[in-house]
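Okay, can everybody see the screen? I'll put the structure up, and then we'll walk through it together.

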Amino acid sequence: MTPADTSPVNLLGLTRPELEAFVEDLGSRPFRARQLMSWIYKRGEGRFENMTDLAKQFRAQLAEVAEIRAPEIVAVQHSSDGTRKWLLKADSAQAFEMVFIPEPDRGTLCISSQVGCALDCAFCSTAQQGFNRNLTTAEIVGQVWLAGRELAAAGQASYAGGDRAVTNVVLMGMGEPLANFRNVVPALRILLDDLGFDLSRRRVTLSTSGLVPQIYRLAEEVNVALAVSLHAPDDALRNELVPINRLHPIAELLEACWHYIDEQNGRSVTFEYVMLDGVNDSPEQARALARLLRGHPAKVNLIPFNPFPGTRYRRSSPAAIQRFRDELLQRGLVATIRRTRGDDIDAACGQLAGRVIDRTTVRLRSKRVNVAVQA
Ligand code: SAH
């Protein structure tokens, strides 16, 4: 910290080694960081004064230079299926979203990594909002911390994994996580750290539209499950649906995926495939997809398209989705159909819109993909 910078340090943004260094700078022994983490992440404590096994003087010192601050809640919505969506404050004018999806055997929290998104995927409502900024590590971790507290307060903590409500985290909210690599990787480390949220690497999933160089970097840095938004079996169609494909075509993307699995001794990559009526849902396209993935550590997750105002796409019929899945199964692939949750509160995949002031100009808009990759 420079003398001019007197704003408190948000501890939710520090990995274990960073917190140890911070505590040492304050003149305390590094093991104090463990105690702090235990209060913050195991007990969900947000006030230093309540951390009774820390010396009073240390608590007072912390209160002066540090804080534990999650994003502020702007609004909460409850779906009839138990899904909850929170609108969280990014600044005075902007907001991003987080969604909790309860199931009998787990509780999945879907978090955001950016305010808006710059990638311009044709069928995604976040894309229509444009891009404003990256979330900080503290804002990313703060979502999980906040949800834990909110759900505990609501008495929703009776899922597998003992007494906690959030057993799984997916980076499938607003934003492209790999375009915010610098802040996302430390956040993942805190999610996995046994003194942090202590989630196993199979219970943390990063979903990407396909930023190939960052997939290679991720393989070196941190071990989480990888999901890839494929959505088309050929480059011509994928160029249209997921424009980053023009930079990193399918063959290159798949190479990166197989490398990721090898490098991490992972099980498989999940390929997300949004089902768009008459666009990518024919049996021929299913067979083409099977040819791409067959013999590789791949699973396919078919996502019925979730419509939003102004979209030109429609959801494939249940029969078409079933047929598509059968074609994949017949060719030996593992394929599931994602059950749509929370659509009555616009909390389903691709419906998260938040409130975003687009910082990319009209001229830049067509080049947004490049802006995103440099971010
Ligand atoms: N940017 C990341 C993560 C965010 S979206 C990514 O692209 O993977 C999470 C998933 O929802 C992605 O597979 C995305 O393509 C999909 N999705 C986006 N809009 C959708 C919509 N309207 N209906 C269904 N799925 C959608």
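Let's start in helix H10, where you can find both Glu 284 and Arg 287. They sit three residues apart, and that is about one turn of the helix. One thing to keep in mind as we go: this is a predicted model. These two side chains form a salt bridge, with the closest N and O atoms 3.4 Å apart. How exposed are they? Glu 284 has 49% relative accessibility, so it counts as partly exposed. If you're wondering why that isn't called exposed, the label exposed is for residues over 50%. Arg 287 is partly exposed too, with a relative accessible area of 25%. And the pair isn't on its own, because salt bridges that share partners join Glu 284, Arg 287, Arg 323, Glu 327 and Arg 331 into one network.

So how many salt bridges does a search of the whole structure find? The count is 16. Let me show you a couple more.

Take Glu 72 and Lys 89, whose side chains meet in a salt bridge at 3.7 Å, N to O. Glu 72 is in the loop between strand E2, residues 66-67, and strand E3, residues 73-78, while Lys 89 is in strand E4, residues 84-89, so this pair ties together parts that are 17 residues apart in sequence. On the accessibility side, Glu 72 is at 51% and counts as exposed. Its partner Lys 89 is at 33%, which makes Lys 89 partly exposed.

Next up, Asp 277 and Arg 314. Their side chains also meet in a salt bridge, and here the N to O value is 2.8 Å. Which parts of the chain does this pair tie together? Asp 277 lies in the loop between strand E12, residues 269-275, and helix H10, residues 283-293, and Arg 314 lies in the loop between E13 and helix H11, residues 318-330, so the parts being tied are 37 residues apart in sequence. Asp 277 counts as partly exposed, at 29% relative accessibility, whereas Arg 314 is exposed at 53%.

Now for some charges on the surface. Arg 201, Arg 202, Arg 267 and Lys 299 gather there in a patch of positive charge. Let's pick one of them, Lys 299, which you'll find in strand E13, residues 298-304. With 38% relative accessibility, Lys 299 counts as partly exposed.

Okay, over to some strands. Is strand E6, residues 106-110, mostly covered or mostly open? Mostly covered: four of its five residues are buried. E6 has a partner in strand E5, residues 95-103, and the two run antiparallel with five bridges joining them. One of the bridge partnerships to look for is Pro 102 with Gly 107 in E6. E5 and E6 make a hairpin, with two residues between them.

E6 also pairs with strand E9, residues 168-171, and there the sense is parallel, over three bridges. If you want a place to look, Thr 108 stands opposite Asn 168 in E9.

Next, backbone angles. Most residues other than glycine have a negative phi. With that in mind, have a look at Asp 198: it isn't a glycine, yet its phi is positive, about 55°. Asp 198 is in the loop between helix H6, residues 181-192, and strand E10, residues 204-208. Its relative accessibility is 39%, so Asp 198 counts as partly exposed.

Asn 265 is another one like that, not a glycine but with a positive phi of about 50°. Where does Asn 265 lie? In the loop between helix H9, residues 250-264, and E12. Asn 265 is exposed, with a relative accessible area of 65%.

Last stop, Arg 59, in helix H3, residues 56-65. Is Arg 59 buried or exposed? Buried, because its relative accessible area is 15%, and buried means under 20%. Now find Asp 281 as well. The two residues are 222 apart along the chain, and their C-alpha atoms are separated by 59 Å.

That's my tour, so let's go to questions.

Conventions:
Residues numbered from 1 in each chain as written. Predicted model: local features only at pLDDT ≥ 70, side-chain atom pairs only at ≥ 80, totals over all residues. Heavy atoms only, no water. Patch = residues over 30% accessible without salt bridge, like charges linked within 9 Å, V, L, I, M, F, W, Y side chains within 5 Å. Areas by Shrake-Rupley, 256 points an atom, 1.4 Å probe, with all protein chains shown as cover. Salt bridge = Lys/Arg side-chain N within 4 Å of Asp/Glu carboxyl O. Lys, Arg positive; Asp, Glu negative; His and termini not counted. Charge placed at Lys NZ, Arg CZ, Asp CG, Glu CD. Buried < 20%, exposed > 50% of the residue type's maximum accessible area, 1.4 Å probe, protein only. Pairing = 2+ DSSP bridges.
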